[in-house]
Amino acid sequence: MPPIAKRRGPFVLHPVAHRESHGDVKDIFNPLGTLVEVEHEKDLKVLMATASLMAPYYYIMAQALDWMRAQGLNPREGTRYIAALFKALAEDVMDAAASGDPTSFSDITKASQTPGGLNEQNLKTLDERGFYSLMKETLDKILDRVKGA
């Protein structure tokens with residue numbers, strides 16, 4: 001994964017490395033990014049499938065930039081804005097993940113919406129059009145591929 005080359009992003013360790021039996025394995029891999037340990041191979045495969053969200057994530061930004069250009073915005077400003085926006089959103093997500101609370105992503109989604117506001121409208125429209133259902137369906141297909149089905 002490109003982020004790993006920059007020592008950013010998730011690095012999955014399977015099986016869980018117990019210090020007493022695996023020595024300093026965690027110390028070796030920790031500097032590569034965010035170390036996520038999973039006990040079961042099935043969980044590793046779920047994480048592998050989820051990594052397929054990388055290109056769609058970048059493509060959302062590319063499509064937003066194309067839309068901004070079509071509105072007459074200079075691509076330089078649009079690129080800087082999109083990059084800064086998604087970086088800030090990623091930092092919010094990292095803060096939420098650090099809490100360890102599995103509901104934190106739902107909480108920040110709710111907090112990002114003003115009733116009747118623009119974010120609420122966008123989320124509702126994408127949901128009604130099946131964007132998120134299609135994403136989950138695609139992840140199921142990717143997981144089947146990872147499992148070798």
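**Entry 1: contacts along the chain**

I started with contacts in the protein that have a separation of 6 or more, and 46% of them join residues 24 or more positions apart. Note to self: this is a predicted model.

**Entry 2: the overall layout**

Next I looked up the secondary structure, which comes to 9 helices and 2 strands. Reading from the N terminus, I wrote the order down as α-β-α-α-β-α-α-α-α-α-α.

Then I checked burial: 15% of the 149 residues count as buried. For the outside, I noted an accessible surface of about 11,300 Å². Carbon and sulfur atoms hold 59% of that surface.

**Entry 3: the nonpolar core**

Which residues make up the largest nonpolar core? I found 5 residues in all: Met61, Leu65, Met68, Ile82 and Phe86. Two helices, α5 (54-70) and α6 (75-98), each supply at least two residues of this core. The largest share comes from α5, with 3 residues. A reminder from class: in soluble globular proteins, nonpolar side chains tend to be buried together.

I picked Met68 for a further look. I skipped its neighbours within four places in sequence, and that left contacts with Leu73, Gly78, Tyr81 and Ile82. Ile82 is a name I already had, as a member of the core along with Met68.

**Entry 4: α6 against α7**

How do α6 and α7 pack? Helix α7 covers residues 104-111, and the axes of the two helices lie 9 Å apart. The angle between them is about 140°. That makes α6 oblique to α7, because only angles over 145 degrees count as roughly antiparallel. I also noted that the crossing of α6 past α7 is right-handed.

Then I listed who meets whom. From α6 I have Asp92, Val93, Ala96 and Ala97, and from α7 I have Ser104, Phe105 and Ile108.

**Entry 5: a closer look at Ser104**

Ser104 is in helix α7, and it is one of the residues there that meet α6. Is Ser104 buried or exposed? Its relative accessibility is 9%, and the cut-off for buried is under 20%, so Ser104 counts as buried.

What does Ser104 touch, leaving aside its neighbours within four places in sequence? I found contacts with Ala96, Ala97 and Ser99. Ala96 and Ala97 were already on my list for α6.

**Entry 6: recap**

For my summary page: α6 supplies at least two residues of the largest nonpolar core, and α6 also packs with α7 at an angle of about 140°.

Methods
Residues are numbered from 1 along each chain as its sequence is written. This is a predicted model: local features need pLDDT of at least 70, side-chain atom pairs count only at pLDDT 80 or more; totals for chains, interfaces and linings use all residues. Side-chain values use heavy atoms; hydrogens and water are left out. A nonpolar core is a set of buried Ala, Val, Leu, Ile, Met, Phe, Trp, Tyr and Cys residues joined through side-chain atoms within 4.5 Å. Buried means under 20% relative accessible area, exposed over 50%, partly exposed in between (1.4 Å probe, protein chains only). Helices (H or I, at least four residues) and strands (E, at least two) are DSSP runs, numbered from the N terminus. Contact means heavy atoms within 4.5 Å. Accessible areas come from the Shrake-Rupley method with a 1.4 Å probe; for residues, only the protein chains shown count as cover. Axes are lines fitted to C-alpha atoms, for helices over the stretch in contact, and angles run from 0 to 180 degrees between N-to-C directions. Angles under 35 degrees count as roughly parallel, over 145 as roughly antiparallel, 65 to 115 as roughly perpendicular and the rest as oblique. A crossing is left-handed if the near helix is turned anticlockwise from the far one by less than a right angle, and right-handed if clockwise.
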